[in-house]
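Trainee: Could you take me through the cysteines of this protein, one by one, and then show me what surrounds them in the rest of the fold? I would like to follow the reasoning at each step.

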Amino acid sequence: LAVGRISKDPSLALGHRLDYVVLQEECETSRALVRFIDFGKLSSAFIGPLNPGFCEVATLLGENWNKAIFSWMCINYKLDSAIHHPTFARTLPSPTRVLFTIMKYFNWAHVGIIASNEDIWMDTANKLASALRSQGLPVGIVTSMRKGEKGIEDTWNEIKEVGGIKIILLCMHSVLIGGEEQATLLTKALEMGLADGRYVFVPYDTLLYSLPYQNNSFNVFDNDSKLQEAYDAVLTITLESGERTFYDAFREAKESGEINRDLEATQVSPLFGTIYDAIYFMAMAIDSAQRKGVRISGANIAEHTKNFSFPGFSHRVETDDCGKGLSNYVILDTDGRGNQLFPTHLLDMSSDSVKSLGWAIHFPTGAPPKPDSSCWFDPDVLCTGG
């Protein structure tokens with residue numbers, strides 16, 4: 001869809017015909033990397049990789065091949081240096097930056113991370129932990145979900161033993177788009193009395209796309225009062241929808257005949273929109289480099305990602321004069337009863353500030369977890385005495 005629209009876009013002067021090949025990324029990190037190396041000669045630029053576990057190596061290879069890498073999933077904080085990694089570009093604001101801004105707003109510094117036990121999610125959890133630690137935040141535990149009911153109980157007991165944790169990041173598929181593991185994990189937390197408001201659970205993957213929340217009911221809660229109750233302890237952070245939701249945009253593309261697969265919008269992961277935007281983002285960078293008359297190379301394309309503003313799949317995509325993403329995010333909350341999510345706060349990425357939208361967050365006990373000392377968020381102050 002993106003490549004088709006780019007080829008018809010009169011505002012883009014690419015000087016090349018874009019074509020794409022989908023690289024099937026292996027689930028195991030080491031094998032995924034081997035496959036990536038095989039594609040070095042076949043592609044002029046890469047959208048991905050999906051696994052943060054080999055982002056650094058992929059970026060080094062990209063530099064060696066002089067091919068740009070456009071990624072929304074790489075959270076390896078060292079990649080943000082354009083001097084050291086000239087061929088790497090982010091197509092979304094860094095998820096770590098989003099989390100840090102929100103944690104600073106609420107003064108929740110102590111973090112625990114639980115990952116699903118697939119390579120892609122375990123690598124995400126480990127890279128996320130090192131990125132948060134690089135900002136000076138105390139990540140008390142990084143663990144993965146064990147198998148079976150007893151295993152999940154053990155996982156929660158392990159978390160319980162680590163004192164002071166306020167926010168638990170869940171690196172796995174969101175229950176709102178079919179993530180069964182997350183449903184099991186949250187339900188077990190409720191049964192063990194851990195969804196009582198002492199922790200705030202934050203799904204990680206909703207940071208990577210625009211979850212359709214306006215006028216949308218999530219059927220996963222309909223016949224599951226336990227999950228509904230457990231989700232009261234969850235805050236969902238996602239890209240702000242804009243004028244229309246992902247589902248609206250998908251239906252429009254289907255009605256216009258651009259998508260001819262027999263799929264309902266609700267059967268498609270909103271990550272579709274993120275991938276679409278990443279491809280368009282790359283085309284905008286090529287266009288910008290062409291207009292400046294520079295040679296089309298990996299470093300030149302990655303360099304020309306500044307001061308963008310274009311209509312993405314369901315919302316505007318913008319970057320500042322350093323090439324940093326300016327897409328806004330919202331914090332969504334449930335009332336612990338219904339099947340809808342309501343926006344409570346807006347995260348403005350142009351100023352890294354959080355604004356209340358006038359709808360109070362519904363915490364299970366009525367009060368948020370106790371705030372940590374603000375010294376954790378001040379780079380010039382050393383936290384002492386706990």
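Mentor: Let's start with Cys375, which counts as buried because its relative accessibility is 16%, and the cut-off for buried is under 20%. Keep in mind that this is a predicted model. The partner of Cys375 is Cys383, and the two form a disulfide with their sulfur atoms 1.9 Å apart. A disulfide is a covalent bond between the sulfur atoms of two cysteines. Cys383 has a relative accessibility of 22%, so this residue counts as partly exposed. The torsion about the S-S bond of Cys375 and Cys383 is about 120°, so this disulfide is right-handed.

How many disulfides does a search of the whole structure find? There are 2. Besides the pair you have just met, Cys55 and Cys74 form a disulfide, and their sulfur atoms are 1.9 Å apart. Here the torsion about the S-S bond is about -80°, which makes the disulfide of Cys55 and Cys74 left-handed. This bond links distant parts of the chain: Cys55 sits in helix α3 (residues 55-65), while Cys74 is in the loop between β2 (68-71) and β3, 19 residues apart. Both Cys55 and Cys74 are buried. If you number the bonded cysteines in sequence order, the pairing reads 1-2, 3-4.

Now for cysteines without a partner. Why is Cys27 not bonded to Cys55, which holds the closest cysteine sulfur? The sulfur of Cys27 lies 16 Å from that of Cys55, and this is too far for a bond; the limit for a disulfide is 2.5 Å between the sulfur atoms. Cys27 is exposed, with a relative accessible area of 66%. Cys171 is in no disulfide either, and the nearest cysteine sulfur, again that of Cys55, is 14 Å away. In contrast to the exposed Cys27, Cys171 counts as buried, with a relative accessibility of 0%.

Let's step back to the domains. The domain assignment gives domain 1 (1-90 + 244-318) and domain 2 (95-240 + 328-377). Their C-alpha centres lie 27 Å apart, and the contact takes 22 residues from domain 1 and 22 residues from domain 2.

Where does the second largest pocket lie? Both domains give residues to its lining, so this pocket lies between them. About 560 Å³ of space is found in the second largest pocket. A cysteine turns up here too: Cys322 is one of the residues nearest the pocket's centre, along with Asp80, Arg90, Gly323 and Lys324. The lining has 28 residues, and β3 (88-90), α4 (95-106), α5 (119-134) and α11 (298-303) are the elements that give two or more residues to it. By type, the lining residues are 13 nonpolar, 9 polar and 6 charged.

Two helix residues are worth a look next. Arg97 is found in helix α4, and its relative accessibility of 16% means that Arg97 counts as buried. Leaving out residues up to four places away in sequence, Arg97 touches Lys324, Gly325, Met349 and Asp352. You have already met Lys324, among the residues nearest the centre of the second largest pocket. Ile37, by comparison, lies 60 residues from Arg97 in sequence and 30 Å away in space, C-alpha to C-alpha. The other residue, Ser288, belongs to helix α10 (residues 271-291) and is buried, with a relative accessible area of 14%. Apart from neighbours within four places in sequence, Ser288 is in contact with His304 and Phe308.

Finally, a few details of the backbone. The peptide bond from Gly48 to Pro49 is cis, with omega near -5°, and Pro49 is in the loop between β1 (45-47) and α3. Helix α3 is also where you found Cys55. Asn215 is not a glycine, yet it has a positive phi of about 50°. Asn215 lies in the loop between β7 (200-203) and α8 (225-230) and is exposed, with a relative accessible area of 81%. Asn307 also has a positive phi, near 55°. Asn307 sits in the loop between α11 and β9 (309-311), and this residue is exposed too, with a relative accessible area of 56%.

Notes: Residues numbered from 1 in each chain as written. Predicted model: local features only at pLDDT ≥ 70, side-chain atom pairs only at ≥ 80, totals over all residues. Heavy atoms only, no water. 1 Å grid on protein atoms, 1.4 Å probe; cavity = no way out; pocket = protein on both sides within 12 Å on 5 of 7 lines; lining within 4 Å. Points joined across faces, edges and corners; volume = space filled by probe spheres on them. Helix = DSSP H or I, 4+ residues; strand = E, 2+ residues; numbered from the N terminus. Nonpolar A, V, L, I, M, F, W, Y, C, P; charged D, E, K, R; others polar. Domains from an automatic or database assignment. Buried < 20%, exposed > 50% of the residue type's maximum accessible area, 1.4 Å probe, protein only. Contact = heavy atoms within 4.5 Å.
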